[in-house]
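Visitor: I'd like to learn how to read a structure like this one. Could you take me through some of its features?

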Amino acid sequence: METLTIEKEKTTEKKIQSMTGSDALLQSLITEGVSTVFGYPGGAIMPLYDKLLDYKKEISHILTRHEQGAIHAAQGFARATGKPGICFATSGPGATNLVTGIADAYMDSTPLVCITGQVFSHLLGTDGFQETDVVGVTMPITKWNFQVTKAEEIPEAIAKAFYIACSGRPGPVVIDITKDAMMNTFDYSYEKCSYIRSYIPEPRVKTPQIEAAAKLINEAKKPLAVIGQGVILGNAEKELLAFVNKSGIPIASTLLGLSSIPNNHPQFTGRVGMHGNIGPNIKTNECDLLIGIGMRFDDRVTGVVSKYAPQAKKIHFEIDKAEINKIIKVDAPVLGNVKETLAQILDFIQPDQYPEWLAEFEACSKEEYNRVAKEEVHPSDGKINMGEVIEVLNQQSKGDAIIATDVGQHQMFSMLYCKFKDTRAWITSGGLGTMGFGLPAAMGAQFGCPDKKVISISGDGGFQMTMQELGTIAYNKLPLKMIVLNNNFLGMVRQWQELFFDERYSNTPISSPDFVALAASYKIKGETVNDRSTLKDAMERMWRSEGAYILEIKVAAKGNVFPMVPAGASVSDVIYGDEHK
């Protein structure tokens, strides 16, 4: 068992009072600013849920219909607000139902504090009813986890959990609390944590690194910057904009970096990656300087590593030292929070513009429109296309909405065509690629941002994984808008089967319930769109509806997402989709 070692903030006189472990936990959450919790009760966590009744004014508990819904909702809440997401679950199956969401949050650096109940401490190790080694199970997928067996350990454990989850590169933490620790009484006091020995969440910025990176930038003739979610996590959107405007450098975004800068910025060239835009993918292998900003050179971004920008010098702005040179060797690492490093480098870079270089991206964009996007977004006939739906949504949203997606073809079409004005407006599962993420994540975002329009976009496969959360949406009267793009296939897998497995569609055709009738059983309004002649009006009705609304859109069964960089290929080996037409 790990020993807690916390250096605490020096505060004024501590207020000490006697209370149960459950009271202490809830008081600690309140002190940390928590007002919303997602969860599901059960036997081992029952003492905590009993005490929740006494804190209704301070803490709003959202009862989801499944623990997976709770943790994805907590993720959506965190991604939309920048605050840590909080969820409760009981021991055994309750805790293990959180594991997918914890792994997802770990991969995507989402700050979560997960509280799980555990059997009585004297039963630990006996295979008691609903006992599971939650600490052992979650150790590889958390920034930190800890098992509390004594009530007096709760305040320090919670303080440490919040500090670790939210500092540096964020991530999930798990606190597993035995039932007797929740029930026992002790003298409670709380001090927030601001320092832990040997834990350095943000490395000190080194001026020589800044100067070396600036020298490469000032010498470059064809630079390209790729921005990732680190910009959003570091609250560095203003610093990024200042850097982009002064440097004049063309910029592209990773999947999770979207919305960190408005995509109508004149230097924004699109998205990189397997289904990214043609321009930034091809020009990656033509630039003379590649600048990674708050991104980790994921395999979906790089393609085959040996052929990823071999001609270019490389700079990596990164907060996590472990990511430097992990996948791509760089010439100038810049360690630190990008909010600080981007601000500092402004003093060392020269103002510049690259009109001819940017024109090359524009030429690629026109080629992509003519060969791919034109027919996808404005088809002449046939069934409705997924990209077409996103374009109609843009006409309503004007880029002013939070978009949460599931995983699959619709996710890639949303990435390619959704418009964004504001930061934290794009919520999707990146590193883990979790089907079922979209609906509960959108739900959590709506709880976190009640005055915003929140749109959930799902495929028929992913929606069915967590559609029980319609009950949570209905009960809480959330005004969430839901789009289900129904092609009667597990679309992304089917696309790979078509392109790489000789059209052998093994277990990808899928049937669905009547989604609109299902929603109606929860008293949620909606409609089904079968023809493009009714699509625009239906989208407008959904957008203007006051309450929750579901729009099921029957789309082309075998539509494919292009452009595409095949697995194992170079980022410049792009498939347009029209090669054999």
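Visitor: Let me start with one side chain: is E367 buried or partly exposed?

Guide: Keep in mind that this is a predicted model. The general idea is to look at relative accessible area, where buried means under 20% and exposed means over 50%. E367 comes out at 31%, so it counts as partly exposed.

Visitor: Which residue does E367 form a salt bridge with?

Guide: The partner is R371, with the closest N and O atoms 3.2 Å apart. R371 has 32% relative accessibility, so it counts as partly exposed too.

Visitor: Why would two residues at that spacing meet?

Guide: Here's the general idea: an α-helix has 3.6 residues a turn, so residues three or four places apart point the same way. Now the case here: E367 and R371 both sit in helix α15, four residues apart, which is about one turn of the helix.

Visitor: What about a salt bridge that joins separate parts of the chain? Which residue meets E360?

Guide: E360 meets K222 through their side chains, at 3.4 Å from N to O. E360 belongs to helix α15 (residues 355-377), while K222 is in the loop between α9 (207-219) and β11 (223-227), so the pair ties together parts that are 138 residues apart in sequence. On accessibility, E360 is partly exposed at 25%, and K222 is partly exposed at 30%.

Visitor: Where do R541 and E527 lie?

Guide: First the contact itself: their side chains form a salt bridge at 2.9 Å, N to O. R541 is in helix α23 (residues 535-544) and E527 in strand β21 (residues 525-529), so to speak a link between distant parts of the chain, 14 residues apart. Check each end on its own here: R541 is partly exposed with a relative accessible area of 42%, whereas E527 counts as buried at 16%.

Visitor: How many salt bridges does the whole structure have?

Guide: The search finds 18. Some join up: R169, D320, E323 and K326 are linked in a network of salt bridges.

Visitor: Let's turn to sheets. In what order do the six strands of the open sheet run?

Guide: To read a sheet, walk across it strand by strand. Here the order is β4-β3-β5-β6-β8-β7, with parallel pairing. The edges are β4 (60-63) and β7 (144-148), each of which pairs on one side only. From one strand to the next, the twist averages 20°.

Visitor: And how many bridges hold β3 and β4 together in that pairing?

Guide: Four, in the parallel sense, with β3 covering residues 36-39. For a point to find by eye, G39 stands opposite L63 in β4.

Visitor: Now helices. How many residues of helix α1 are buried?

Guide: For a whole helix, go through its residues one by one. Eight of the eleven residues of α1 (residues 21-31) are buried, so this helix is largely enclosed by the rest of the structure. Among them are G21, D23, L25 and L29. Just after α1, look at the backbone of G33, which takes a positive phi of about 90°.

Visitor: Which residues other than glycine have a positive phi?

Guide: Two to look at are S259, with a phi of about 80°, and N488, with a phi near 60°. S259 lies in the loop between β12 (251-253) and β13 (268-271), and N488 in the loop between β20 (481-486) and α21. S259 is buried at 4% relative accessibility, while N488 is partly exposed at 40%.

Visitor: Where is there a cis peptide bond?

Guide: Omega is the angle to check. The bond from F562 to P563 is cis, with omega near 5°, and P563 lies in the segment after β22 (549-554).

Visitor: What is D108 in contact with, leaving aside its neighbours within four places in sequence?

Guide: Its contacts are R79, Q229, L256, T428, S429, G430 and G431. D108 sits in the loop between α5 (99-107) and β6 (112-118), and at 2% relative accessibility it counts as buried.

Visitor: Last one, on the surface: which residues form a nonpolar patch?

Guide: L499, F500 and F501 do, with about 270 Å² of accessible area together. F500 is placed in helix α21 (residues 491-500) and is partly exposed, at 34%.

Conventions. Residues numbered from 1 in each chain as written. Predicted model: local features only at pLDDT ≥ 70, side-chain atom pairs only at ≥ 80, totals over all residues. Heavy atoms only, no water. Patch = residues over 30% accessible without salt bridge, like charges linked within 9 Å, V, L, I, M, F, W, Y side chains within 5 Å. Areas by Shrake-Rupley, 256 points an atom, 1.4 Å probe, with all protein chains shown as cover. Salt bridge = Lys/Arg side-chain N within 4 Å of Asp/Glu carboxyl O. Helix = DSSP H or I, 4+ residues; strand = E, 2+ residues; numbered from the N terminus. Buried < 20%, exposed > 50% of the residue type's maximum accessible area, 1.4 Å probe, protein only. Pairing = 2+ DSSP bridges. Axes fitted to C-alpha atoms, helices over the stretch in contact; angles between N-to-C directions. Contact = heavy atoms within 4.5 Å.
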